[in-house]
Amino acid sequence: DATEETFRFQAEVAQLLDLMTHSLYSNKEIFLRELISNASDAIDRLRFERFSRPELAEEADSDEKLRIRVAFDPEARTITVSDNGIGMSREEVIGNIGTIAKSGTGEFLKKLSGDQRGDAALIGQFGVGFYSAFVVAERVVLTTRRAGAPPSEGVRWSSDGKGEYTLETVHGDTRGTAIVLHLREGEDDLLNGYRLRSVIQKYSDHISLPIVMASEASADGEAADAEGTTQKTAEETAEETAEETTVNRGSALWTRPKSELTEADYHGFYKHVSHDFSDPLAYLHAKVEGRYEYTLLLFVPSRAPYDLWAQQPRQGVKLHVQRVFILEDSGQVLPHYLRFVRGVIDSGDLPLNVSREMMQGSRAVDHIRGSAVKKVLKLLKDMAENDAEKYAAFWKQFGAVLKEGVAEDYGNREEIAGLLRFTSTYSPTQEPDVSLDDYAGRMKDGQDKIYYLLAPTLSAASTSPHLEAFRKKGIEVLLLGEVVDNWVVTGLLQEFKGTRLQSVAQGVPDFGDLEDAAEKEESERAAADFAELLGRLKETLNGKAWDVRVTSRLTTSPACIVANEAETDFSLAQRLRGSGL
Ligand code: ADP
Ligand code: MG
C-alpha cells in the first residue's frame, strides 16, 4: 500500500515493551483485561462525546448495541478484541499508541533498579495496558475508525513490538477499534473459548458493558451441548454462528447491592479503575439517599502511584452521572490531599453534560465532596483504630500527603489532625507511631503544651540540644522532620483539641508548672551569677542576637540558638528561605 508509513517507537516505549514482555509473563492473561478495559473506556468516551456533539449521536443506529467483542480463530492463531466505541483518528493513534504521554514515566523507568525491573506491580501502575498485548503476541494489528469520520479514514497500526510500527490508511467499515493479536509460538492454550471466558469473568466481570463472545458451540467447532445428542440442522448451525452470548455480568459494579459483592469483586474493580496490580488497602461503598442521591465506591491503594508528587498528579476518581462516565476528577470532587484515593462517584443530581466549570459552583458537587471527604477520613480512622499495622502501611505511603490536609481543609482540621502520626522522643525507632491523642494522653501533670521540634531531618531532630531539658524531665517532644510538617504546625493554628503546640526551639523556655520552686530559684540565681558574662556576650553579638540568656533547657551542650517568641520558628524560617517562599 502506497500509504503505508513506518515509525519508530518513542525510546521509553521500546524500553517498557522490553520490560513488560519479561516481567509480566507469569501473569500473561492480564492482556485481555487491559484490552477490555481500553475498549470499555472507548465506549464510555463515545457516550460522553455524544452529549456535546449531537452529530455523533445521529450516527447511532436505533438498534445499536454498545459492546465489546472477544473472538478467536484457532487456524489463524489470533485473538481479536473489538469495540464500537470512540475509535481513533490517525493523529490519535500516533499520540496514544507508540507514545507514552504521561509525564515522569521515562525518569521512572530509568530509576527502576535490577530487582524492580521484574516487578509487575511497579510496571503496571502506568496504565501501559495496551502494550501488554505483546506479552502473548508476536504481532499486533489495530484497526480503528474515529466516531464521526468517514469510512475512508480508517487507520491500521501494526507492530511486532520491536521498536517500529507501521501505519496505513484503510477502509473502515465500522466505527470503533479492533485489535488482532497474532499469538507467539506456544500460546495456543489461549485459543480456547472456555479459557477466555473464565479469564473475562475473573478480571472483567465488573465492566458495565456487555462483553460478548460467539456461543461456545460455533466458536470451538465442537458440541458444547451438555447431552451431546441433539443433531443440528445446517440452518441451526448458521444461526448459532451469528449468535453471541454475554460473558460478563455487565452491570456497573457500584450499582449492585453490597450484599451481592465479594471482596474479590471489589478488588477486581479496583484494579480496573486504578490500573494498579496490587489489591487496595481499604475501600468504602456507600449509597446515599436523601436530598442528593449518589453512590461512592472509593479505594485507598496499598502503594503510592508514581506521580503522587508530580506537578499535576492524576486524581483517580471517575465521576459518573447515572452510570455514564463523565470525567476524571482533578480536584473538583476530592481535595488535593486525598489525591491518592481511587474509585467511582455516581450521581443522579448532575446534568449529563456537566463540565469542570459547572462543577465549581454546584451545590450537589459541594454536598458530595463534603460527604466523600468525611467518609474517607472515617475509613482511615477505623483503619487506625482497628488495624494499626495496616494503618502504619498506609501512613508510610500517604502520610505526608494527608498532612497537607491540615492546612488545606480547615473544616476537617481536627479529624485530619487525629489521623497524623509522628516520631517522638518516646518512639523506640524513627517510625512515626505517635498520634496527637497518644501524646495528649501521656502529658505530665502540670504540662499544658504539646512540644515539638522542627528540624531538617529526623536524625537532626533527635540529636538537637533543644531536647536536653525535655529529656531530663521526661517530657515527650514530637520530632518533625518533613517539609510538610511546617504546614501541619501552622495549619493546626497552634493547637490541638484546646492544647497549644509549642516549639522547643522558640521563646523563653517555659515549663510552667512542670518546674518546681527549687528549679526556678536556681535559674534565677544562675542569671544573677552570669549577669556580667551575659552583658559581654550581648555587646559582642550586638545586631546579631536579640538577647542572650541563661537557660535551664540544656544539660550537656553549652549553648544553643532559639527563635524569638514572636518570630517564626528558626528551623521553619530556614526552610522557608530554602524553599524560596
Ligand atoms: P491507558 O488505558 O492507561 O490510557 P493504554 O496503554 O491501555 O493506557 O492505552 C493507551 C491509549 O490508547 C488510551 O488512553 C486510548 O487513548 C488509546 N486506546 C487504547 N485502546 C483503545 C480503544 N480500544 N479505543 C480507543 N482508544 C484506545
Ligand atoms: Mg488501558
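Between which two strands is the loop found that holds Arg 77? The legends below address this and other local features. The model is predicted; local features need pLDDT of at least 70, side-chain atom pairs count only at pLDDT 80 or more, and totals for chains, interfaces and linings use all residues. Residues are numbered from 1 along each chain as its sequence is written, while chains are lettered from A and ligands numbered from 1 in the order in which they are written.

**View 1. Arg 77 and Lys 497 are two loop residues with positive phi.** Arg 77 is found in the loop between β2 (68-73) and β3 (78-83); strands (E, at least two residues) and helices (H or I, at least four) are DSSP runs, numbered from the N terminus. Its phi is near 55 degrees, a positive value in a residue other than glycine. Arg 77 counts as partly exposed because 18 C-beta neighbours lie inside 10 Å. The loop between β18 (495-496) and β19 (499-503) holds Lys 497, whose phi is near 45 degrees. Lys 497 has 11 other C-beta atoms within 10 Å and is therefore exposed. (A residue is buried if 20 or more other C-beta atoms lie within 10 Å of its own, exposed if 12 or fewer, and partly exposed in between; C-beta atoms are placed from the backbone.)

**View 2. Helix α9 carries its buried residues on the same side.** These residues are Gly 193, Leu 196, Val 199, Ile 200, Tyr 203 and Ser 204. They cover an arc of only 130 degrees around the axis, which puts them on the same side of α9; the arc is that of the directions from the helix axis to the C-beta atoms. For the 12 residues of α9 (193-204), the expected span at 1.5 Å a residue is 16 Å, and the end C-alpha atoms are 15 Å apart, which agrees. (The expected span is 1.5 Å times one less than the number of residues.)

**View 3. Val 70 of strand β2 is buried.** Val 70 has 24 C-beta neighbours inside 10 Å. Among residues beyond four places away in sequence, Val 70 touches Val 81, Leu 196, Ile 200, Ile 211 and Met 213; contact requires C-beta atoms, placed from the backbone, within 7 Å. Ile 36 is 34 residues from Val 70 in sequence, with 8.7 Å between their C-alpha atoms.

**View 4. Strands β10-β11-β14-β12-β13, in that order, form an open sheet with mixed pairing.** β10 (282-288) and β13 (324-328) stand at the edges with a single partner strand each, so one side of each is left without a neighbour in the sheet. (Two strands pair if DSSP finds at least two bridges between them.) Strands β12 (316-321) and β14 (342-347) run parallel and are joined by six bridges; Gly 316 has Arg 342 as its bridge partner in β14.

**View 5. The largest nonpolar core has 73 residues.** A nonpolar core is a set of buried Ala, Val, Leu, Ile, Met, Phe, Trp, Tyr and Cys residues joined through C-beta atoms within 7 Å. Helix α14 (363-386) gives the most to this core, with seven residues. Ile 345 is in contact with residues including Tyr 294, Val 317, Leu 319, Ile 368 and Ala 372. Apart from this core lies another, of 51 residues, among them Phe 31, Leu 142, Trp 157 and Val 247.

Conventions. Contact = placed C-beta atoms within 7 Å.
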